[in-house]
Amino acid sequence: MTEGWRHTAKPFAWRRSLWIAALLTPALLVMVLFVLWPLLSAFRFAFYEFNGLRPSGFIGLENFRKVLFEKPYSDWTWNAFKHNVIAFLALMLFENGTAFLIAFALLKALPGHRIHQVIVFLPVVLSAVIVGFLWKLFLHPLFGLVNQLLGLVGIGAVPWLGNENTALGSILFANIWHWLGFPTLVLLAGMQRISKDVLEAARLDGAGDYALMTKIVWPLIAPSVTIVTILTFIGSFNWFEIPYVMAGLTGSPGGSTDVLGLYFYRTAFGSTTTGIQDFGQGSALAVLMFVFVAGITAIALRYLRRREIEQ
Amino acid sequence: MSRRRIGLALAAASFAWGCATSLAHAADISFWTWRQEDKAAYNALFADFTKANPDIHVKFESFPDENYPTIVSTALAGGKGGDVIHTHAYGWLEQFVKAGYFEPLDMATVPSLANQPADALVSGTYRADKKVYSLPFASQTLGLFINKDVFAKAGLTPPTTWDEFITVSKALKEKGIYPLANGMGTSWFNEMFVAIFTNPFLGQDFVSDLTSGKTTFKDPRYVAALGKLLELRPYMPDGFEGIDYETAGQLFLSGKAAMLAGGSFDIATYRSQNPAINMDFVAPPMAKAGDTPQATKFFDGGYAVNSKSANKEAALKLVNWMGTKEFGDKFSALLGNISPIKGVVIKDELLSHVAKLNETAMPHINVVYFRFEKPTGSELLQGDITKMMSGSITPDQLAADLTDGLAKWYKPFQGK
């Protein structure tokens, strides 16, 4: 009996492994070709000097030293990094905070909640390019909707995207308008998974909305908060489309909207109007961005998962 | 019967093969450019070329301007790309030449190089080997567009000196007209804006001192010229910090603004957008009466041959033709650009006036001399000028940032 099992099981296991391998190979090949290979190339290029558009010699960590410690590159790197950090904090506070409140309101299934759910999610389906362009028009100093409305109450033309103090905030606002529906939906899904018995028990114990939100709902949606936090972090540090459309490749005005994505792009690929391409420094920036995002994501995931268990 | 069919099929296949072979001998070459809007004009020009060279057909392929460097460099790195590549000039070109992507042009392969003036050839020459790699296609002039109807209606005369400019601007503003349409919302144009208004205060001597290493951008002449830009702010539109170059063009074309600092490259566009516009293109205000009018000039780019082209001979033939007077005459007529080719006749009155301005024009300092290494003068200036115009840094700080940044690679500035 055992002999027979062995005879039939071995070829079966072998065939199963082959079948799994066959299924995995195409995806693996795509990953190697389009993810791993470019990543390794970027790692390699980061250690080379580029004379024109071709690598001319191995220079060790020189490109990293330049982008991190040599002026004016280091100023540009830290300036862009600072804006990514601001973007992350602002999105966590305003986008995800608002999303939490909206999700909680939607959870209560008040009349019209379904249509509100659709409205909140609607901008998410638009392309970032369209959203950027739209808000650029809305914020136009002379013809934009925002200034036209402000004009009604006597406020003159405000150059939202032309003023160093308002440009980043304006772009973040457009970004929040675009993405608000996504964390709302994720958090709402998390809230809907909470057992109704728990919520009703809390109500019977006299918990009001605030207590329900902070003491019951917030701890129980920890897995959704983890997802939203991690995606916001990755999105903030890979931010590119909306700043590119609304502020251009140079992060104007005066670099006040520059972020690492823009800085990497114009360093590596140049721009017709600013000058030349430097794949070496560009790759060094890309490697630093990758290491930072991957490293912090891994640490944050560990912490947030532990928090989920504790909750 | 079936044998007969097979025979017929074989005969047809042989005929098709013959056709294909003869077609393959005729060269199909491609022309890559960022000038999507010039497709009709280039196709008309290429039709003329094919008429004279029936065995060569040219396909026009265009790509978005903003991504053009990326697309071209990736294609050329992979041994692909157009046979003839429309290039930008100076430092932009040099990075491609260093990588060996373009074929050097000489009098043997491109005799029409002889038709180019010396300053034009510099824009397509690699500084290290002094060889020409790109045949210059157009000079661009920066100056001041004047809406003549707006001035006539306001009963004012377009200014020629700085003092007149300020007086006229005040009068226009009182009449509810924006004197100057420009804002600071377009980085690449901000750099042109600086060149337009500072060059008349700098003069050729400053350029000579700068390029010979006698001075830097910290020079009081440059700082003072930058300071003049601050005087323009009251005469720019409300919220000028956020007004982009496209909006400025619309303010000018619609008559809401009387003047626009701009480039000759937009003459054709403005005419097509508002055929009724009655405009002039003049030199920016001179520092004082009696000075030489000084517009700003640079060469925009040229035509280069892909060193990996499978049809190099045909590509060189096309580039050579693009350097002839026949091409230059039609190019200027169709595209409203000033061809640098000697002897080209510019029939358009406004364009011929621009060509006249070129005779005394100053070079666009950053584009011509400081875009060869990183950080480029353009990166540094474009980053700082909006800050200066909004008052968060002074002209002195901008001049210092520009000099110190360029000193990374421009030896004459090191230690100064």
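**Exercise 1. Work out how the two domains of chain B meet in this predicted model, and which elements supply the side of domain 1 of chain B that touches domain 2 of chain B.**

Solution. Begin with the contact itself: in this predicted model, 16 residues of domain 1 of chain B are in contact with 17 residues of domain 2 of chain B. Next, ask which elements give two or more residues to the side belonging to domain 1 of chain B; these are H4 and helix H14 (349-358) of chain B. Of these residues, the largest share, six residues, comes from H14(B). Then sort the residues of this side by character, which gives nine nonpolar, six polar and one charged. Finally, place the domains themselves: domain 1 of chain B is made of 24-139 + 298-358, while domain 2 of chain B is made of 141-297 + 364-413, and their C-alpha centres lie 29 Å apart.

**Exercise 2. Describe chain B as a whole, from its elements to its extent and its contacts.**

Solution. Start by counting the elements, which come to 17 helices and nine strands in chain B. Then take the extent of the C-alpha trace, which spans about 95 × 55 × 35 Å along its principal axes. As a third step, consider burial: of the 416 residues in chain B, 50% are buried. Last, consider the contacts in chain B with a separation of 6 or more, where residues 24 or more positions apart account for 73%.

**Exercise 3. Find how many residues each chain brings to the contact between chain A and chain B, and which helix of chain B gives the most.**

Solution. First take the totals: chain B brings 39 residues and chain A brings 31 residues. On the side of chain B that touches chain A, at least two residues each come from helix H3 (68-77), helix H4 (90-98), helix H8 (187-211) and helix H16 (377-390) of chain B. Among the elements of that side, H16(B) gives the most, with eight residues. As a closing step, divide the residues of this side of chain B by character, which yields eleven nonpolar, 19 polar and nine charged.

**Exercise 4. Decide whether A:Ile296 is buried, exposed or partly exposed, and locate this residue in chain A.**

Solution. To locate the residue, note that A:Ile296 is found in helix H14 of chain A, which covers residues 279-310. For its surroundings, count the C-beta neighbours inside 10 Å: because there are 15 of them, A:Ile296 counts as partly exposed. A distance completes the picture, since A:Ile296 and A:Ala174 are 122 residues apart in sequence and, C-alpha to C-alpha, 26 Å apart in space. For the wider setting, the domain assignment of chain A gives domain 1 (2-32) and domain 2 (62-310), and the C-alpha centres of these two domains of chain A lie 44 Å apart.

**Exercise 5. Establish where confidence is lowest and highest in chain A, and which stretch of chain B has a pLDDT below 50.**

Solution. Take chain A before chain B: the mean pLDDT of chain A is 89, and 95% of its residues reach 70 or more. Within chain A, confidence is lowest in helix H1 (residues 2-45), at a mean of 82, and highest in helix H7 (residues 167-179), at 96. For chain B, the mean pLDDT is 91, and 94% of its residues reach 70 or more. The stretch sought in chain B is residues 18-25, where the pLDDT is below 50, and this stretch has zero contacts in the model beyond near neighbours in sequence. As a last step, read the scores of the model as a whole, which are ipTM 0.80 and pTM 0.85.

Definitions and conventions
Residues are numbered from 1 along each chain as its sequence is written. Chains are lettered from A and ligands numbered from 1 in the order in which they are written. This is a predicted model: local features need pLDDT of at least 70, side-chain atom pairs count only at pLDDT 80 or more; totals for chains, interfaces and linings use all residues. Domain bounds come from an automatic or database domain assignment. Two residues are in contact if their C-beta atoms, placed from the backbone, lie within 7 Å. Helices (H or I, at least four residues) and strands (E, at least two) are DSSP runs, numbered from the N terminus. Ala, Val, Leu, Ile, Met, Phe, Trp, Tyr, Cys and Pro count as nonpolar, Asp, Glu, Lys and Arg as charged, and the others, Gly among them, as polar. A residue is buried if 20 or more other C-beta atoms lie within 10 Å of its own, exposed if 12 or fewer, and partly exposed in between; C-beta atoms are placed from the backbone. pLDDT is the predictor's confidence in each residue, from 0 to 100.
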